[in-house]
Amino acid sequence: VNAVPVTRPLLLADHGCPFAHRILALLDHLGVAHEVREVPRGQRPEGLERWSPSGRIPFLVHGDLGIAESRVILEHLSEAYAFEDAYPTGLVQRSMHREAMAIVDAVIVPNLVGDRSIPVTRLDEYVDRIAGVARTTPPSPCLLTFHLAPMWLRLQWWRPEGTLAQAIRKRAALVEWLDSTTRLGSVVKTCPAQTRPPSLD
Ligand SMILES: N[C@@H](CCC(=O)N[C@@H](CS)C(=O)NCC(=O)O)C(=O)O
């Protein structure tokens with residue numbers, strides 16, 4: 001039951017999508033042979049519907065398993081291919097990484113796509129949580145850096161003058177750390193040409 005599927009992982013994704021970028025960077029870093037089927041956003045090509053009737057992408061097919069949700073896909077791949085540096089070894093640090101990843105999806109991503117439901121007064125609290133993790137983590141390959149780097153890139157492409165980007169820029173050490181994550185080899189190699197924000201498509 002716990003065997004890793006023998007088939008190569010297949011990723012159904014829009015190459016320009018930041019969530020796909022997370023997964024492609026991890027696969028590249030781990031040197032895992034995989035296939036990518038390009039699914040332009042909003043399209044439902046044959047194959048995706050069988051697995052994901054809602055059409056949610058990125059979507060990973062690995063043996064009999066199909067999963068949407070990029071954070072879970074990162075976890076699955078890191079366990080399937082024994083990524084030792086996925087998380088720090090200490091429990092406290094590991095939980096801090098997991099919390100930072102949840103904050104990115106709950107706060108940073110809605111901000112990127114123009115959801116204004118996050119009260120501006122709370123942003124500093126969230127950014128401080130991420131800054132705290134950055135202070136104690138080298139900007140080297142791990143699930144947190146692959147999770148975050150694609151979003152920091154898009155924030156600078158799409159909302160460089162927004163409240164969130166400004167809140168981050170007030171913290172020089174965090175900016176330096178985030179910039180380093182975007183320069184990781186696998187992040188650079190799998191980075192698409194600069195895309196437009198989804199709301200302007
Ligand atoms: N929380 C999801 C978000 C995925 C997501 O928003 N994907 C976009 C494409 S980049 C999407 O599927 N949009 C709906 C659509 O295009 O139909 C994840 O982390 O994988």
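**Reading contacts, burial and ligand shell**

Me: Which residues does Pro9 touch, not counting residues up to four places away in sequence?
Reply: In this predicted model, Pro9 touches Leu27, Val32, Ala33, His34, Glu35, Leu60, Val61, His62, Leu77 and Tyr81. A contact of this kind requires heavy atoms within 4.5 Å. Pro9 lies in the segment before β1.

Me: Why is Pro9 called buried?
Reply: The limit for buried is under 20% relative accessible area. Pro9 has 1%, so Pro9 is buried.

Me: How far apart are Pro9 and Pro53 in space?
Reply: Their C-alpha atoms are 19 Å apart, with the two positions 44 residues apart in sequence numbering.

Me: What makes Ala134 buried?
Reply: Its relative accessible area is 9%. The cut-off is under 20%, so Ala134 counts as buried. Ala134 sits in helix α5. Leaving aside neighbours within four places in sequence, Ala134 is in contact with Leu174 and Trp177. Val175 is 41 residues from Ala134 in sequence, and the C-alpha to C-alpha distance is 9.7 Å.

Me: Why is Ser186 called buried?
Reply: Ser186 has a relative accessible area of 8%, so Ser186 is buried by the limit of under 20%. Its place is helix α9, residues 185-189. With neighbours within four places in sequence left aside, its contacts are Ala25, Asp28, His29 and Phe146.

Me: Is Pro139 buried, exposed or partly exposed, and why?
Reply: Partly exposed: the relative accessible area of Pro139 is 29%. Buried needs under 20% and exposed needs over 50%, so a value in between is partly exposed. Pro139 belongs to the loop between α5 and α6. Apart from neighbours within four places in sequence, Pro139 is in contact with Thr145, Trp177, Ser180, Thr181 and Leu184.

Me: What value makes Ala82 exposed?
Reply: Its relative accessible area is 59%, so Ala82 is exposed, the cut-off being over 50%. Ala82 is in the loop between α3 and α4.

Me: What is noted about the phi of Ala82?
Reply: Phi of Ala82 is near 45 degrees, a positive value in a residue other than glycine. Most residues other than glycine have a negative phi.

Me: Where is Glu69 found?
Reply: Glu69 is in the loop between β4 (65-68) and α3. Its phi is also positive, near 90 degrees. At 39% relative accessibility, Glu69 counts as partly exposed, because that class lies between the 20% and 50% limits.

Me: Which residues are around the ligand?
Reply: Cys17, Phe19, Arg22, Arg41, Gly42, Arg44, Ile57, Pro58, Glu69 and Ser70. The criterion is a heavy atom within 4 Å of the ligand. By class, this shell has four nonpolar, two polar and four charged residues.

Me: How do you know that Glu69 makes a polar contact with the ligand?
Reply: A polar side-chain atom of Glu69 lies 2.6 Å from a ligand nitrogen atom. The limit is 3.5 Å for a pair of N or O atoms, so the pair qualifies. Two other pairs pass the limit. A backbone N or O atom of Ile57 is 2.7 Å from a nitrogen atom of the ligand. An N or O atom in the side chain of Ser70 is 2.7 Å from a ligand oxygen atom. The ligand taken alone exposes 500 Å², of which the protein buries 70%.

Me: Why is the peptide bond from Ile57 to Pro58 singled out?
Reply: The bond is cis, with omega near -5 degrees. Most peptide bonds are trans. Pro58 is in the loop between α2 (48-51) and β3 (59-62).

Me: Which residues touch the most other members of the largest nonpolar core?
Reply: Leu143, Leu144, Ile168 and Leu174, in a core of 54 residues. Elements giving two or more residues to this core include β1 (10-13), α1 (18-30) and α4 (91-112). Helix α6 gives the most, with 11 residues.

Me: What does Leu143 touch, not counting residues up to four places away in sequence?
Reply: Leu143 touches Leu26, Leu74, Glu75, Ser78, Phe83, Ala86, Tyr87 and Met101. Apart from the largest core lies another, of seven residues, among them Leu10, Leu12, Val39 and Phe59.

Technical notes: Residues numbered from 1 in each chain as written. Predicted model: local features only at pLDDT ≥ 70, side-chain atom pairs only at ≥ 80, totals over all residues. Heavy atoms only, no water. Polar contact = N/O pair within 3.5 Å; in protein donor to acceptor, adjacent residues only side chain to side chain. Areas by Shrake-Rupley, 256 points an atom, 1.4 Å probe, with all protein chains shown as cover. Nonpolar A, V, L, I, M, F, W, Y, C, P; charged D, E, K, R; others polar. Core = buried A, V, L, I, M, F, W, Y, C linked by side-chain atoms within 4.5 Å. Buried < 20%, exposed > 50% of the residue type's maximum accessible area, 1.4 Å probe, protein only. Helix = DSSP H or I, 4+ residues; strand = E, 2+ residues; numbered from the N terminus.
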